Amino acid sequence: MRFPKASFFEGKKNLFLCHAGADVDSLASAQAFFLSLKKNRSSVVGVPEHVNLSAKAMAENLGLGFELNPALEEFENVVLFDLNSPEMLGGFAEKLKAFSGKIFIIDHHAKASSWLSKKAVALVDVDAVSCTQVVYGYLEKNRAKIPSLAAKLLACGIIADSARFAVSSEKTFLDMAKLLKKSGVSYPVLFSFFEVKKDVSERIAALKAARRARVFRAFDKIISVTQVNSFEATAAMSLVFLGAHVGFAGGEKEGRILISGRALNSFASKTGFDLVKHVFVPLSQKFPGSGGGHAAAAGFNGQGFALSDALFECAKLVHGFLEKEAGKTGQLKEYE
Ligand SMILES: [Mn+2]
């Protein structure tokens, strides 16, 4: 079956479903599709588990409604936005597997093979920077009337997933120019829609983290570690913003220790450095606890050790990685 025309969805009971922990692109795609149908009163936008902070800000600023963990029984069709592998649905995947209606996918990720790809009819464009770009192309082709709120959302998805055009093609700019006009607002206003406002205590935590930071140099890379009482992730990220290639912020609450690590994306992708593999897994062999996450953003949870020792060990493990990478030994120099 080919992906149906937009008229197919008119007046039907459709669930427009995001991925679990929906981000701006996923939520914007589902909402824009919903808003661009003429007869959408029987349709619902759904999110498994939760939405992330940026998507939450966007939903609040633009007054978007969605249903968390919707029941599937009442729907004829489920259309998935911004995902094509069942893992991205979290615990919702099992529910969808049992769904007897039709499943459709609109996405920009490379196709993964699974029961979902066998069951669903997909519209995938891997050259699109965002799922909203795929949705926009589809709506245009189907001559749908795109309301200005939908245009705002489609533009937000492009801005978010292209990292403000760091990853983009000529087509991205062309689509953006058209959407900007349709949206009726200016470019800075668009990204204010999904800006996460930091509260005062988070700002103070980040600044205190900088004041308490220890600064190390290994070869031409900077590693920084710090201790905070809360907002570990924000603190680690702010060390990287300030100039560290890798930053760690640790905090202790009721005996539980959390260490958050962040690496400069370009450093991680260029060298193959991975916070989980090169720091938190070896750290767990010395300090009781375990770590997980991504190459450039990860965390470690543990207890029963001195936080300052573990933070210093994190710096040493990055140093060890850099020595291996350089193929020679070098100093780990601390700047007082
Ligand atoms: Mn996306």
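Biologist: What separation do the centres of domain 1 and domain 2 have?

Modeller: Taken over C-alpha atoms, the two centres are 35 Å apart. Please keep in mind that this is a predicted model. Domain 1 covers residues 6-192, and domain 2 covers residues 200-335. The C-alpha atoms of the protein fill a box of roughly 65 × 45 × 40 Å along the principal axes. Within it there are 13 helices and 13 strands, and 43% of the 336 residues count as buried.

Biologist: Let's start with a helix. Which residues of helix α12 are buried, and why are they said to line one face of the helix?

Modeller: Helix α12 spans residues 275-284, and its buried residues are Leu275, His278, Val279, Phe280 and Leu283. A residue earns that label when 20 or more other C-beta atoms lie within 10 Å of its own. Looking down the axis of α12, these buried residues fall within an arc of 145 degrees, so they line one face.

Biologist: And what covers the buried residues of α12?

Modeller: The cover includes the strands β10 (256-263), β11 (289-293) and β12 (297-303), together with helix α13 (307-326).

Biologist: What makes β11 and β12 a pair?

Modeller: Pairing asks for at least two bridges between the strands. β11 and β12 have five bridges in the antiparallel sense, so by that cut-off they pair. For one place to look, Ser290 stands opposite Asn301 in β12. The two strands are joined by a hairpin through three residues.

Biologist: What is the partnership between β10 and β12?

Modeller: β10 and β12 run antiparallel and are joined by seven bridges. There, Arg262 has Ala297 in β12 as its bridge partner.

Biologist: Why are β11 and β13 placed at the edges?

Modeller: The order of this open sheet is β11-β12-β10-β9-β8-β7-β13, seven strands with mixed pairing. β11 and β13 (332-335) each have a single partner strand, so one side of each is left without a neighbour in the sheet. On average, neighbouring strands of this sheet are turned by 20 degrees against each other, direction ignored.

Biologist: Now the interior. Which residues have the most contacts inside the largest nonpolar core?

Modeller: Those are Leu27, Leu154 and Cys156, in a core of 62 residues. Helix α6 (residues 148-161) gives the largest share of this core, nine residues. Leaving aside residues up to four places away in sequence, Leu154 touches Ala28, Ala32, Thr132, Val135, Tyr136 and Leu179. There is also a second, separate core of 40 residues, and Phe231, Leu258, Leu275 and Leu311 are among them. As background, nonpolar side chains tend to be buried together in soluble globular proteins.

Biologist: What makes you call strand β4 mostly covered?

Modeller: Strand β4 has five residues, 77-81, and four of them are buried. It also has two partners to look at. With strand β1 (residues 14-17), β4 pairs in the parallel sense over four bridges, and Leu17 stands opposite Leu80 in β4. With strand β5 (residues 102-107), β4 pairs in the parallel sense over five bridges, and the bridge partner of Phe81 in β5 is Ile106.

Biologist: What share of the contacts with a separation of 6 or more comes from residues 24 or more positions apart?

Modeller: That share is 64% in this protein.

Biologist: Two loop residues next. Why is Arg164 called exposed?

Modeller: Arg164 has 12 other C-beta atoms within 10 Å. The label exposed is given at 12 or fewer, so a count of 12 qualifies. Arg164 sits in the loop between α6 and α7 (170-183). Its phi is near 55 degrees, a positive value in a residue other than glycine.

Biologist: Why does Phe219 count as partly exposed?

Modeller: Phe219 has 14 C-beta neighbours inside 10 Å. That lies in between the 12 or fewer for exposed and the 20 or more for buried, so partly exposed is the label. Phe219 is in the loop between β7 (214-218) and β8 (221-227).

Biologist: What is worth knowing about the phi of Phe219?

Modeller: Phe219 has a positive phi of about 55 degrees, although it is not a glycine. For context, most residues other than glycine have a negative phi.

Definitions and conventions:
Residues are numbered from 1 along each chain as its sequence is written. This is a predicted model: local features need pLDDT of at least 70, side-chain atom pairs count only at pLDDT 80 or more; totals for chains, interfaces and linings use all residues. Domain bounds come from an automatic or database domain assignment. The arc is that of the directions from the helix axis to the C-beta atoms. Two residues are in contact if their C-beta atoms, placed from the backbone, lie within 7 Å. Axes are lines fitted to C-alpha atoms, for helices over the stretch in contact, and angles run from 0 to 180 degrees between N-to-C directions. A nonpolar core is a set of buried Ala, Val, Leu, Ile, Met, Phe, Trp, Tyr and Cys residues joined through C-beta atoms within 7 Å.
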